[in-house]
Every structure is written in structure tokens, then in C-alpha cells.
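I opened the notebook to go through one protein chain. These entries follow the order in which I looked things up.

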Amino acid sequence: MPTLVPQLTHPETAWLIYAVMPALAMLSLLVITLLLRPRLAMLITLVRTRQAHQALQHIPTADRPDPALCWTPESIPAAQLAGWGLAFATIIAGILVFLAPLGLALLLGAPLAALATWLISLHAHNRYINDLNRDLTGAVGRLGALLRAGSGLRPALERICADVPTGPLRDEWGYLLTRQGMPLSGGGIATPQQVVLALADQTPSQRHATFLNHLGASVGQPQEVLAKRCEAAYSALQLSERRRDEAQTELAQMRYSGVAVGLAGLFMASYLVWTQWDRVIFAYSSSLGSIVGVIVVIALALPIVGGMLLAQVEDSDY
């Protein structure tokens with residue numbers, strides 16, 4: 001008997017038939033997103049708090065901050081991160097439905113969405129540190145000038161927090177103001193020195209932690225000593241900034257060369273794949289070819305990765 005070949009009576013609208021499953025998948029995930037976003041935000045907050053407590057475990061018990069002084073810096077709001085994660089899950093699952101059955105697409109979309117969410121969280125964490133380090137030098141210089149003029153530490157911090165824009169530095173120095181005088185779990189109230197040292201143990205910026213350790217060692221000393229400490233820290237921060245700028249200038253050519261070489265390689269590889277798709281499939285479809293393909297992709301990406309790593313120049317030695 002002759003083989004029956006299905007025919008499309010209206011091929012110009014046939015895409016509507018194939019779009020049913022992706023539309024159902026994305027609609028169902030959209031409903032799940034609206035229902036689970038608050039719970040996922042609470043879960044992210046809980047995970048952040050637990051990670052913050054685990055990060056303090058390496059500190060000796062005697063020097064560990066009091067539970068009342070524990071604090072978790074928020075590089076990105078938990079609700080926003082949850083929304084981004086669920087949005088990526090919806091988009092990725094909608095794309096995978098074209099390539100796999102609905103159940104398999106949802107199963108594969110979960111780890112990919114988790115990876116995308118982790119990358120967003122990592123980017124927000126690095127941006128938080130960079131913004132904090134950017135504003136730190138000027139704020140420390142102004143703090144030293146106010147202390148030299150006779151202002152107390154708390155009034156000086158209040159004036160600086162009122163003037164600096166909303167950001168990581170304002171949040172962390174606001175912590176120094178709000179936690180002073182707070183009742184501690186072991187009895188007594190939090191002293192300025194305890195609050196400063198507690199923030200030094202919890203801030204994600206190594207540069208800021210170094211300054212806070214210097215500040216904490218001189219909080220209980222006379223006003224002149226505290227002012228000199230801040231001025232010395234300001235001079236060291238300026239010197240560190242100059243060293244970092246010089247290092248970035250010297251590495252700029254290597255960084256741009258690495259990115260340019262990597263992008264050129266990726267462009268040529270993409271052109272070959274576009275023009276000789278059949279040969280690419282034939283060459284990399286075997287087990288050995290897939291291994292070679294992974295090696296080729298890594299080799300093409302290494303110059304770009306090297307260029308990005310050279311852009312991360314940091315110096316916190318005071």
C-alpha cells in the first residue's frame with residue numbers, strides 16, 4: 001500500500017498548531033510564577049540568612065558578632081530575584097518545548113533557570129561591592145575632615161548618610177547608626193566599637209572591612225587619634241585607587257586584545273556553521289566529534305574569559 005504523506009491545507013497558518021504547546025507551557029508557568037513568587041522570595045531570604053550565619057562560623061566564638069548584630073547585605077531584593085528566576089524559567093521552558101516534549105522541557109528548564117538566577121545574583125553581588133568601593137574613598141575623606149573639625153563619630157556618620165545617594169555605602173553606614181545602643185542577647189547594649197567590628201565581619205567588601213577594622217580599633221580612643229586613623233585610611237585608599245588605575249591602564253591593551261581575538265574567533269566559527277551546517281553536523285555528531293566540539297568552544301571562549309579576568313583588578317592593602 002502506498003505511504004500516506006500528511007498535507008497541510010493552509011501552511012501559512014500552520015504555525016498556530018505548533019504554537020499551542022509552547023503557549024500552554026508558558027501560560028501554566030506564568031500562573032505558577034504569580035503563585036510562587038512570594039514563597040520563593042521568602043525562601044531566598046532564608047537562604048541568604050543561613051549563608052550569612054555560615055560565613056561567620058570561621059570566626060572564633062569569642063569574637064563572633066552577637067546575634068542581635070547579625071545582618072545580611074541585600075545586593076538585590078529577594079522579590080526581584082525571584083521574579084527574574086521565574087521569568088527565566090518561563091522563557092527557557094517555552095523555548096525548549098519546540099525541541100522536546102512538554103514534561104522534558106519543564107524538567108530541563110528548572111536547572112537552566114536556576115543557573116540563570118545564580119548568575120544574576122552573582123552579578124548583583126559584584127555590582128554591590130563595586131558601588132560600595134567606589135563611594136568609600138570620598139566618604140572616608142569627608143569623615144576624617146568632620147572628625148578633625150571636632151564633630152563626633154555619630155553626628156559625622158549621620159551627616160554623611162544624609163548626603164550620600166541611596167546605595168550600599170548608605171545602607172552599611174546606616175547599619176552603624178541603627179545598631180548602636182541595641183539590646184544584646186547576652187545582656188547590655190551594643191557599643192559603637194562592637195557595631196563597627198560586627199559590620200567588618202559581615203560586609204562583602206574586603207576594602208570596607210579593612211577600613212572598619214582600623215576604625216574599630218580606635219573608636220574608644222581620643223578624638224584626635226580617631227581623626228588621624230581616618231585620615232591615614234583616606235590616604236591609603238587614594239594610593240590604592242591610583243595603583244588600581246595604573247594596573248588597569250597597563251592591562252587594558254591585553255584585555256581588549258583578548259576580547260577582540262575571542263570575538264573574532266567566535267564570529268568566524270559562527271560563519272562557518274551558518275554556511276556549512278551539514279558538514280558541521282557530520283563532523284561533530286560522533287562521540288569523539290562532540291568532545292572535540294566542546295574543546296573548540298572552550299578554546300574560542302578562553303581569550304574572552306582571560307580579558308574579563310584581567311578587568312577584575314583589586315587592591316585592598318592599606
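**Annotated segments**

I began with residues 256–274, where the chain is 100% helix and 0% strand, and the end C-alpha atoms lie 27 Å apart. Helices here are DSSP runs of H or I with at least four residues, strands are E runs with at least two, and both are numbered from the N terminus. The model is predicted, so local features need pLDDT of at least 70 and side-chain atom pairs pLDDT 80 or more, while totals for chains, interfaces and linings use all residues. Residues are numbered from 1 along each chain as its sequence is written, and side-chain values use heavy atoms, without hydrogens or water.

I then checked the unreviewed UniProt entry, which annotates 15–36, 81–100, 106–124, 256–274 and 280–302 as "transmembrane region". Such annotations may be inferred rather than shown by experiment; the positions are in the numbering used here, and feature names are shortened.

**Trp 84**

I found Trp 84 in helix α3 (residues 78–96). Is Trp 84 buried or exposed? Trp 84 is partly exposed, because its relative accessible area is 43% (buried is under 20%, exposed over 50%, partly exposed in between; 1.4 Å probe, protein chains only).

**Cores**

I looked up the largest nonpolar core (buried Ala, Val, Leu, Ile, Met, Phe, Trp, Tyr and Cys joined through side-chain atoms within 4.5 Å). It has 37 residues, and Tyr 175 is among those touching the most other members. Helix α4 (102–148) is one of the elements giving two or more residues, and α4 gives the most, with 8.

I noted that Tyr 175 is in contact with residues including Leu 69 and Trp 71, leaving aside neighbours within four places in sequence (contact: heavy atoms within 4.5 Å).
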